[in-house]
Structure formats: structure tokens, C-alpha cells
Amino acid sequence: MALEYGKEPGITIRFIQSRPLPLRLVQFFLLFLVLGLGVSVISMYTFRHFGIQNVTDVGKSSIFIPCFEAPNDLEHWIKPSSNLLHRMNDTELFWRASFLPRRKGYPFKRVPKIAFMFLTKGPLPLAPLWERFLKGHEGLYSIYVHSLPSYVGNYTASSVFYNRQIPSQLVEWGRMSMCDAERRLLANALLDISNEWFILLSEACIPLHNFSIIYHYISRSKYSFMGSFDEEGPYGRGRYNWNMQPEVTLQQWRKGSQWFEINRRLAVKIVEDTTYYPKFRDFCRPACYVDEHYFPTMLSIHVPYLLANRTLTWTDWSRGGAHPATFGKADITVEFFQKVFQGQSCTYNNQPTSVCYLFARKFAPSALDPLLGLASEVFGF
């Protein structure tokens, strides 16, 4: 509403009276104010109880850690996952496992462990013997099992083999898929920064000594235990393919046992390899059995001075054929193992020793009960 007053001729002064604010606008403003106060109160409560430390405490961390995000501290990086079933493919897994600290020493108390890696089709019939062997030595070992992808273990939660299967793939005897499985075992074990030594075993392997002796023997060795021999004849140099040049020459071609024990440095070398792998995959096929040549040849080219050039796993090849002898229930006697232990002669840290084998194979499932009965007397556990 406008009012006009004439003060002087020709001049008009207009006064405009302001209107009151609409009721709807006032309601909207009050609602906005209430909502803003509510959000502020909830945010303060959330920060206080879930996500922020007292920033006024001098000398204490003031980093905001949301409740939904994993802590980015040292423990987060060094603590191994309790679940081995990841979604990485082999390329991603090998890349991740090949990480190697460049700085000497560890900024935390590290207890080095032995990684026992089982390459098997399915169940581990000798598991009760391994359970007894490992009992009381928690924190000094890790278990990894590569089986057929379709196999599901039925171990109880109290078993050392419970949830220790890694993501696996099909394996063909004598072909590169065998080495793929071994590299897969190594890579998964390397994800635990405390694993220092890596032992490849089968479902038919047994320990020949108690855990303390084996841990002492391996941890104090200057060398890793993998055979690497220049063998003449059809089963050694006769398997060489000239297409492997120039990466691998005939003079560099080596042969060794599939069953090995290596340290962390050598395990990383095997996992990170992309130079020799294609050559062995393409040009070492039956009757060239790649699991007997790939690792021994590659490591003898890179680090021959770190190899003991022998295996720690006793095997009986005296019966001839493509496979070693298998021992069942009737074979398991004190006299049998006396023959295994007697006559051993090798070097350990460049000194002669009569303790050359820490493990043995191949033992059938029927051998379990007599093995358990003799374990205390013969093996010391």
C-alpha cells in the first residue's frame, strides 16, 4: 500500500509499507534450522565415539580414522590374512608376492617361520601325523594346501589344515601347470612377511625328525636345498631343446628333484620370473618333465652359490620306472627306518654330516596307523 504526501508543488514523496513474511516461508526456515542442529549433534556424537581421538592431548595422534576404513598402520601390513581365499589371478598374485623390502632388517619383532606347502589332488591322509609333528610349535610355521579346485577339505576348526587351502587350478603331471601350482603356493606363502623358508611337500610325505631338529637344521643352513645337476644322457641333457637359446644354453641346463626347500630370496626369484618361464612352458614338454628342470636351471643361472645341490626329501628309486616306490602298512617297521637313516652322507654348511634327509616319501594312507605308533620312538615326536 502506497501513501503520497505533497510537500511542495511538483514533488511527490511515496512511502511504501512492508508486508509481513508469508507463513510458509517462516515454517521452512524453522524446519531448516532444526535439521541443521540435528545433523550437528549427530556428527559430534559419531566423531566422539567412532572416529576421532582427542586432539588436545599433546603427544598423541590426532589422525581421523573412520570406522569403516582399515587402520593404515604397520600391523595392518605385516599381519597375514586369516582367509587364504582371495580373488587375485596368477598375474596379480605373482606381482603382489614379488614385493621385496629394500632396506635391511625389520622395524618390528619378526619370528621367522617355515611355510609347509602341500601339493595334492585332494585330502591329506597323513594329516594326523603332521598334526602331532607340529603340535606345540605355533608361531613357527604356516600351512598352505594346493588341491583340485573342486576339492573341499573337511578339517575341524582345531586342525592346522583348517581353511589353509589356497585358490587352486587343475594340474597335469609333467607339464607346466605343475610348476604353476608350485609358484602359486610360493606366492601365497610370500604374502606372510614372517615366512622365511618354503618347503614343497606332497600328500605322501612324512617328517623324519621332530620339529625342533628340522627348524634348527633349516634356519642355520647357509644354503637352500634344491638339486641342480648337469646330467648327461637321455634323462638330463637329452631333454634339452635348442629353441631355449639364448636364455638357456645346453651348458646351463640342469636337473633336480621336484621337492625342495628354499629361502625367501629364492622364492621371490621364482615368483617374479618372466624371462625363463615362456621358454620352459613352450619347449619343455613330456618327455621333458618341466618340474625337474625349470627351477633348478633358473636358480643355477642366477644364484648357484646359494644352492646345496641336494634335496631334503628321501625317495626310493631303486625299483625303477617313472615313479618311486610307495610304502604301505606292511613296510612300516623300526628296521625299515633304520635302513633309511643308515648310510647317509652329505655336506651341511660345507661340513660332512650323516643327517641328509628331513622328510621322506611316498607313503600310502594305510601307513598312517603304524607311523603314529612308531613316531615317538623313531621320529622323536
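Q: Which residues have the most contacts inside the largest nonpolar core?
A: This is a predicted model. Its largest nonpolar core holds 49 residues. The residues with the most contacts inside that core are Phe116, Trp130, Ile206, Phe337, Phe363 and Leu371.

Q: Which element gives the largest share of this core?
A: The elements that give two or more residues to the core include E3, H4, E4, strand E5 (195-202) and helix H6 (211-219). H10, strand E11 (359-360) and helix H11 (368-379) also belong to that list. The largest share is seven residues, and the element that gives it is H11.

Q: What is phenylalanine 363 in contact with, leaving aside its neighbours within four places in sequence?
A: Phe363 is among the residues with the most contacts inside the largest core. Two residues that share this listing, Ile206 and Phe337, are also its contacts. With sequence neighbours within four places left aside, the full list for phenylalanine 363 is Leu126, Ala204, Ile206, Phe327, Ile332, Phe336, Phe337 and Leu371.

Q: How many residues are in the other core, which lies apart?
A: Another core lies apart from the largest one. Met117, Ala181, Leu185 and Val290 are among its members. Its residue count is 47.

Q: At what angle do H4 and H11 pack?
A: The contact is made by Pro128, Leu129 and Arg132 of H4 with Leu368, Leu371, Leu372 and Ala375 of H11. The two axes are 9 Å apart. The packing angle is about 20 degrees.

Q: Why does H4 count as roughly parallel to H11?
A: H4 and H11 pack at about 20 degrees. Angles under 35 degrees count as roughly parallel. That angle therefore makes the relation of H4 to H11 roughly parallel.

Q: What is the order of the strands in the open sheet of four?
A: Four strands form this open sheet, and their pairing is mixed. The edge strands are E4 and strand E7 (261-263), each pairing on one side only. Neighbouring strands are turned by 20 degrees against each other on average, direction ignored. The order is E4-E3-E5-E7.

Q: Do E3 and E4 run parallel or antiparallel, and what is the hand of the crossover between them?
A: Six bridges join strand E3 (residues 113-119) to E4, and the two run parallel. Alanine 115 stands opposite serine 142 in E4. The chain crosses from E3 through helix H4 (residues 127-134) to E4. This β-α-β crossover is right-handed.

Q: Which residue in E7 stands opposite tryptophan 197?
A: E5 and E7 run antiparallel. Three bridges join them. Opposite tryptophan 197 stands asparagine 263.

Q: What angle does helix H7 make with E7?
A: Helix H7 (residues 264-272) packs on the sheet. It touches E5 and E7. Its direction makes an angle with that of E7 of about 95 degrees.

Q: How many residues of strand E4 are buried?
A: Strand E4 (residues 141-146) is mostly covered. Tyr141, Ile143 and Val145 point one way, while Ser142, Tyr144 and His146 point the other way. Both sets are buried. The count is six of six.

Q: What is the order of the strands in the open sheet of three?
A: The pairing in this sheet is mixed. Its edge strands are strand E6 (206-207) and E8. Two bridges join E6 to E11, which run antiparallel, and proline 207 stands opposite phenylalanine 359 in E11. The order is E6-E11-E8.

Q: Is threonine 313 buried or exposed?
A: Threonine 313 lies in strand E8. With sequence neighbours within four places left aside, its contacts are Cys205, Trp259, Tyr357, Phe359, Ala360 and Arg361. Buried means under 20% relative accessible area. At 6% relative accessibility, threonine 313 therefore counts as buried.

Q: Is alanine 330 buried or exposed?
A: Alanine 330 lies in the loop between strand E8 (313-314) and helix H10 (334-341). Its C-alpha atom is separated by 7.8 Å from that of alanine 367, 37 residues apart along the chain. Exposed means over 50% relative accessible area. At 76% relative accessibility, alanine 330 therefore counts as exposed.

Methods:
Residues are numbered from 1 along each chain as its sequence is written. This is a predicted model: local features need pLDDT of at least 70, side-chain atom pairs count only at pLDDT 80 or more; totals for chains, interfaces and linings use all residues. Side-chain values use heavy atoms; hydrogens and water are left out. Buried means under 20% relative accessible area, exposed over 50%, partly exposed in between (1.4 Å probe, protein chains only). Two strands pair if DSSP finds at least two bridges between them. A crossover is right-handed if, with the strands pointing away from the viewer, the path from the first strand over the helix to the second runs clockwise. A nonpolar core is a set of buried Ala, Val, Leu, Ile, Met, Phe, Trp, Tyr and Cys residues joined through side-chain atoms within 4.5 Å. Contact means heavy atoms within 4.5 Å. Axes are lines fitted to C-alpha atoms, for helices over the stretch in contact, and angles run from 0 to 180 degrees between N-to-C directions. Angles under 35 degrees count as roughly parallel, over 145 as roughly antiparallel, 65 to 115 as roughly perpendicular and the rest as oblique.
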